[in-house]
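Hi,

Here's the structure I promised to pass on. Have a look at it first, then read on for what turned up.

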Amino acid sequence: MIKILIIEDERDIVQALEYNLKKEGFETHHSYDGINGLKQATELIPDLVLLDLMLPGMDGIELLKALKHDRRTENLPVIMLTAKAAETDKVVGLEVGADDYITKPFSMRELIARIKAILKRYGRKIKETRSALKFADLEIDPEKHSVRAAGRSVELTAKEFALLLYLAENKERVFGRDRLLDSVWSISSEVETRTVDVHVRRLREKLGRAGRHLKTVRGVGYKFSDV
Ligand code: CA
């Protein structure tokens, strides 16, 4: 999966970005400040960074310079998110090595188009369409955001759907609650891990017999099993 790191202190924007990027099939990570953002970029080595200019801790330009001065991150594609239409900021950003910039407020469609263009330029393969996952009595369609269990359509919340899809796409792999929170909710495990249990329970209820695919692995977490 293509990983996108969002370094942005406005939480509403982060949330909107993550929602839309996930819908496009990207894996997302985020930091709300510059110092942590830089740390994450070096640890994670994402495929692309969305970098806000005005950040607490370390501003976007400083962060970008640091990325470009580190061999591990010097080739990371970066799109800057600029709050104001200040020409100088854009020029400095591009001089320092950003690939592109977009001015807030921006349209998600526009941003996603630019992300895809840059990834293509860097030779990253983007899956344009995600095919449906089919099991004997369960079908999960990431494009239509729909689930059918034993031929009947099942209404799921966005998170329930994301959790089911994540587990099913990684069939037979066991995930701890912390990891699921991080991957599906994009929040750190400080938030109650019980959230995961609640979602799994609801999923099982809604899926009926097909709910058996969701297995509890005692002492570890959950997995999706095709039996
Ligand atoms: Ca900001």
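How are the donor residues of the calcium ion spaced in sequence? The pattern is D-x42-D-x1-M. One thing to keep in mind while you look: this is a predicted model.

**The calcium site**

Those letters stand for Asp9, Asp52 and Met54, the protein donors of the ion. Asp9 and Asp52 each bind through OD, while Met54 offers its O, and the donors lie 2.1 to 2.3 Å from the calcium. Try finding the two Asp residues on the chain: Asp9 is in the loop between β1 (3-7) and α1 (11-23), and Asp52 is in strand β3 (residues 48-52), so the pair ties together parts that are 43 residues apart in sequence. Are they buried or exposed? Asp9 is partly exposed, at 30% relative accessible area, whereas Asp52 is buried, at just 2%.

**The largest pocket**

Next, go looking for empty space. The largest pocket has a volume of about 590 Å³, and 29 residues line it. To find its centre, head for Glu18, Lys22, Lys159, Ala162 and Val184, which lie nearest to it.

Which parts of the chain make up the lining? At least two residues come from each of α1, β2 (27-31), α6 (158-169) and α7 (177-185). The largest share is from α6, with 7 residues. Both domain 1 (3-121) and domain 2 (133-224) chip in, with at least three residues each. As for chemistry, the lining has 13 nonpolar residues, plus 8 polar and 8 charged ones.

Happy exploring!

Note on methods. Residues numbered from 1 in each chain as written. Predicted model: local features only at pLDDT ≥ 70, side-chain atom pairs only at ≥ 80, totals over all residues. Heavy atoms only, no water. Donors = N, O, S within 2.8 Å, 3.2 Å for Na, K, Ca; no water. Helix = DSSP H or I, 4+ residues; strand = E, 2+ residues; numbered from the N terminus. Buried < 20%, exposed > 50% of the residue type's maximum accessible area, 1.4 Å probe, protein only. 1 Å grid on protein atoms, 1.4 Å probe; cavity = no way out; pocket = protein on both sides within 12 Å on 5 of 7 lines; lining within 4 Å. Points joined across faces, edges and corners; volume = space filled by probe spheres on them. Nonpolar A, V, L, I, M, F, W, Y, C, P; charged D, E, K, R; others polar. Domains from an automatic or database assignment.
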